[in-house]
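Visitor: I have the sequence and the model open side by side. Could you walk me through it and tell me what lies behind the labels?

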Amino acid sequence: MTSVIDRRQFLQLAGLGTIGVVFGSALPGMARAAGQDDFYFVQLSDTHWGFEGAPNPDAKGTLKKAVASVNALSEQPDFIVFTGDLTHTTDDPVERRRRMAEFKDIVSALRIKNVRFMPGEHDASLDSGKAFKEFFGATYYTFDHKGVHFIALDNVSDPRALIGEEQLAWLGADLKQQRADAPIVVLTHRPLFDLAPQWDWATRDGAKAVELLMPFKNVTVFYGHIHQEHHHMTAHIAHHAAKGLMFPLPAPGSQPNRAPLPWDPAQPYKGLGFRSVDAELKEAAYRITEYPVIKA
Amino acid sequence: MKLNARTLRIAAGAAALGLASIATYVAAQPAQPKERIIRIDAKRFDYTPGELTLKKGEAVILELTSRDVLMGFNLPEFNLRADMIPDKVTRVRFVPDKTGSFTFLCDIFCGTKHEEMNGRLTVIE
């Protein structure tokens, strides 16, 4: 990787005006010094493969276009994460597996092969994650990358939107191995805080996970579920929701029901997209760049 | 006060009875205004009834059950939630303390139209 600044400059020169940049850290505005260990990853979310309906007339094409856009990034990420709702729910276990197989086949076209998957409630809540595990492995796990400790949390395999005592104990034991200033990134599907409980945009025992994370100075959470960009702080912990890749949803609590926003023929794929996250290890900061589905 | 053996046996028996004794005591009190019972049935993907109107300050007993799978009844603005269990009635006492229109929703993922499984509570003066 030459330099993340070069990549940013390239994007700016390319005139991609729809790209937004957010400093996803409690330490914004620091001088950038792209070190050898700085890296970036891409987050895709809520692809809902199998959904059909007016909110997305290109339901079978959107994910493929997003994969092509990721592949077209001038500098490829170190890895890619999918933060849940890979597939749209179905009562039929055979159909669920068919959707997972199709999804897996489509994303196998990603140039980067280091891909991490998390379940969403559409993938895992009706069978406690059984099909998901068959196709994608464990529903919660950790991995380390260039000094950052990543923790994938499962708040969907229990349909009650619970992380559960067993997983919380696992989280607590994992965190005991970390330094207080270790850079920690949590990847999950639902918000860990009460974003909009009247829309079920919460994790019932999410506060317990946040409490376990609170003693650590450098924690950032990336999640999905709400099909839109959103940023929130619980004390010093930043939480960043990602756009989806099937249909956007209204702003939290802005209307009685959380119905998908209508497709706009004048602006197809509006509200959909993916993001890159630049990790700047020296400052334990993350720079978020939002991308549209189709590369401009 | 010196307690004789019989008094001690009565006291020990009362302690052993625990909650049952308390319940009996409550039942023996002068009659309270009877709380209205409201039964709410859930099935994928709606509630019956889907709209409730209550008076502020009126105590009611919600009797919650599901006709098919495990569901949730969540009324976040009142910090009230309960499971709706097939073939079992869950009773929840509820006294709305504010007026307005509020959403109640299923908070246990139950299938394709889970996100649409909402009801509305209106609380009037």
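Visitor: Of the contacts in chain A with a separation of 6 or more, what share comes from residues 24 or more positions apart?

Guide: That would be 74%. Bear in mind that this is a predicted model. Its scores are ipTM 0.83 and pTM 0.84. Chain A has seven helices and 12 strands, and 47% of its 296 residues count as buried.

Visitor: What is the mean pLDDT of chain B?

Guide: For chain B the mean is 82, with 74% of the residues at 70 or more. Residues 1-28 of chain B are another story, with pLDDT below 50. Beyond near neighbours in sequence, that stretch has two contacts in the model.

Visitor: Let's try a helix. How do you know that the buried residues of H7(A) line one face?

Guide: Start with which ones they are: A:Gly206, A:Ala209 and A:Leu213 are buried in H7, residues 206-213 of chain A. Looking down the axis of H7(A), you find its buried residues within an arc of 60°, so they line one face of the helix. As a rule, an α-helix has 3.6 residues a turn, so residues three or four places apart point the same way.

Visitor: What do the buried residues of H7(A) pack against?

Guide: They pack against helix H6 (165-175) and against strands E7 (183-187), E8 (218-223) and E10 (237-241), in chain A.

Visitor: What makes E10(A) largely enclosed?

Guide: Count the buried residues: five of the five in E10(A) are buried, so the rest of the structure largely encloses this strand. Both faces are covered, with A:Ile237, A:His239 and A:Ala241 buried on one side and A:Ala238 and A:His240 buried on the other.

Visitor: Which strands pair with E10(A), and in which sense?

Guide: E8(A) pairs with E10(A) in the parallel sense, over four bridges. In that pairing A:Val221 stands opposite A:His239. Strand E9 of chain A, residues 230-234, pairs with E10(A) in the antiparallel sense over five bridges, and there A:His231 stands opposite A:His240.

Visitor: Why is A:Ala235 called exposed?

Guide: The cut-off for exposed is 12 or fewer C-beta neighbours within 10 Å. A:Ala235 has 10 inside that distance, so it counts as exposed. You'll find A:Ala235 in the hairpin of E9(A) and E10(A), which has two residues between the strands. Its phi is near 55°, a positive value in a residue other than glycine.

Visitor: And why is A:His225 called buried?

Guide: Buried takes 20 or more other C-beta atoms within 10 Å. A:His225 has 30, so it passes that cut-off. A:His225 sits in the loop between E8 and E9 of chain A, and its phi is positive too, near 75°.

Visitor: Which residues touch the most other members of the largest nonpolar core?

Guide: A:Ala66, A:Val186 and A:Leu245 do, in a core of 67 residues. Strand E2 of chain A, residues 39-44, gives the most to this core, with five residues. Another core lies apart from it, with 16 residues, among them B:Leu75, B:Leu105, B:Phe109 and B:Cys110.

Visitor: What does A:Val186 contact, leaving aside its neighbours within four places in sequence?

Guide: A:Ile151, A:Leu153, A:Leu213, A:Val219 and A:Val221. A:Leu213 came up earlier as one of the buried residues of H7(A).

Visitor: Over to chain B. What makes B:Lys98 exposed?

Guide: Same cut-off again, 12 or fewer. B:Lys98 has 10 C-beta neighbours inside 10 Å, so it counts as exposed. B:Lys98 lies in the loop between strands E7 (90-94) and E8 (100-105) of chain B. Setting aside neighbours within four places, B:Lys98 is in contact with B:Lys56 and B:Val123.

Visitor: Where are the cis peptide bonds from B:Arg44 and B:Thr48?

Guide: One runs from B:Arg44 to B:Phe45, with omega near 10°. B:Phe45 is in the loop between E1 (36-43) and E2 (46-48) of chain B. The other goes from B:Thr48 to B:Pro49, with omega near -5°, and B:Pro49 lies in the loop between E2 and E3 (51-55) of chain B.

Visitor: Last one: how many residues does each chain bring to the contact?

Guide: Chain B brings 11 and chain A brings 15. On the chain B side they divide into four nonpolar, four polar and three charged.

Note on methods: Residues are numbered from 1 along each chain as its sequence is written. Chains are lettered from A and ligands numbered from 1 in the order in which they are written. This is a predicted model: local features need pLDDT of at least 70, side-chain atom pairs count only at pLDDT 80 or more; totals for chains, interfaces and linings use all residues. pLDDT is the predictor's confidence in each residue, from 0 to 100. Two residues are in contact if their C-beta atoms, placed from the backbone, lie within 7 Å. The arc is that of the directions from the helix axis to the C-beta atoms. Ala, Val, Leu, Ile, Met, Phe, Trp, Tyr, Cys and Pro count as nonpolar, Asp, Glu, Lys and Arg as charged, and the others, Gly among them, as polar. Two strands pair if DSSP finds at least two bridges between them. A nonpolar core is a set of buried Ala, Val, Leu, Ile, Met, Phe, Trp, Tyr and Cys residues joined through C-beta atoms within 7 Å.
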